[in-house]
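Morning, everyone. I'll take a few minutes on one structure. Please have a look at it first.

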Amino acid sequence: MNAPVLAIDGPSGSGKGAVGQELATRLGWHYLDSGAFYRALALRVLEEGTDPADARVVSGLAVTLDLSFVPVPGAAPRLLLGGRDISDDIRSEACSGAASEVAAHPGVRTALLAKQRAQRRPPGLVADGRDMGTTVFPDAVLKVFLTASAEVRAERRYKQLKEKGFSVTLPRLLGEIRARDVRDMERAASPLRPAPGAFALDSSTIDIDGVVGLILERLRNRLK
Ligand code: C5P
């Protein structure tokens, strides 16, 4: 039998990453940050000077993407692209924008599907992204759709990026988040939308611990 999957989907800044990692730690499960695949591909595209809109070339790069995750107890795994640590480089706003552009190509999504599914291992997997419940793991034991208002998400992102030393402004981030939402929701291939039967949660006014508690309660009921 396949290891159980907890799928957490939602727009950027909804808290999926922090919530997913905390859940994986508490459950002792593996954690998949699926956005890292699109970000790593975007980094490659930007560094090679390829146009992110060039579906053929970008899909070819996706097929040969050599990404590995090095687990770090209690923290986000480090990401290696062909052996090079790109964990910090992929968080730039340039990479965020290019990631949502490359993610719109059906060829890219097909190429990355098996790589994401390969992360499913016992005792279980917490998978975070946009299409975990709809496309990548449709048999997930629980599907969560986590949202928050664009303003709250922009503020969270602003704090994160400032802490990392990036130079950003709040109005610009809000504009970028809205543009990314539109691209992610309106693309034809695996658009961002709640999976049928998903548990919808708005994290605008609930903190990480509160969200984690609500999800754990539902998950435990499903695993009984
Ligand atoms: O989650 P994160 O913000 O790191 O994802 C970066 C981009 O990758 C998203 O804006 C989205 O376009 C794309 N993505 C996706 N499907 C996923 C995860 C991320 O299309 N499962």
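Let's start with the ligand. Around it stand 18 residues. Arg39, Arg109, Arg130, Asp131 and Asp184 are the closest of them. Keep in mind that this is a predicted model.

What kinds of residues make up that shell, by class? Nine are charged, five are polar and four are nonpolar.

Now the individual contacts. Take Arg109. One of its polar side-chain atoms is 2.8 Å from an oxygen atom of the ligand. Next, Asp184. Here an N or O atom of the side chain lies 2.7 Å from a ligand oxygen atom. Then there is Ser34. Its side chain places a polar atom 3.0 Å from a nitrogen atom of the ligand.

How much of the ligand does the protein bury? On its own, the ligand exposes 450 Å². The protein buries 97% of that area.

Which elements give two or more residues to the shell? They are helix 2, residues 35-48, helix 4, residues 93-102, and helix 8, residues 170-186. Helix 2 gives the largest share, with three residues.

Last topic: the aromatic rings. Searching the whole structure turns up one aromatic pair. There is also a charge over a ring. Which ring does Arg218 sit over? The ring of Phe199. The charged end of Arg218 is 3.8 Å from the centre of that ring.

To recap: 18 residues surround the ligand, nine of the shell residues are charged, and 97% of the ligand's exposed area is buried by the protein. Thanks, everyone.

Notes
Residues numbered from 1 in each chain as written. Predicted model: local features only at pLDDT ≥ 70, side-chain atom pairs only at ≥ 80, totals over all residues. Heavy atoms only, no water. Phe/Tyr/Trp six-rings, centres within 6.5 Å; stacked < 30°, edge-to-face > 60°. Lys NZ or Arg CZ within 6 Å of the ring centre and 35° of its normal. Near = heavy atom within 4 Å. Polar contact = N/O pair within 3.5 Å; in protein donor to acceptor, adjacent residues only side chain to side chain. Areas by Shrake-Rupley, 256 points an atom, 1.4 Å probe, with all protein chains shown as cover. Helix = DSSP H or I, 4+ residues; strand = E, 2+ residues; numbered from the N terminus. Nonpolar A, V, L, I, M, F, W, Y, C, P; charged D, E, K, R; others polar.
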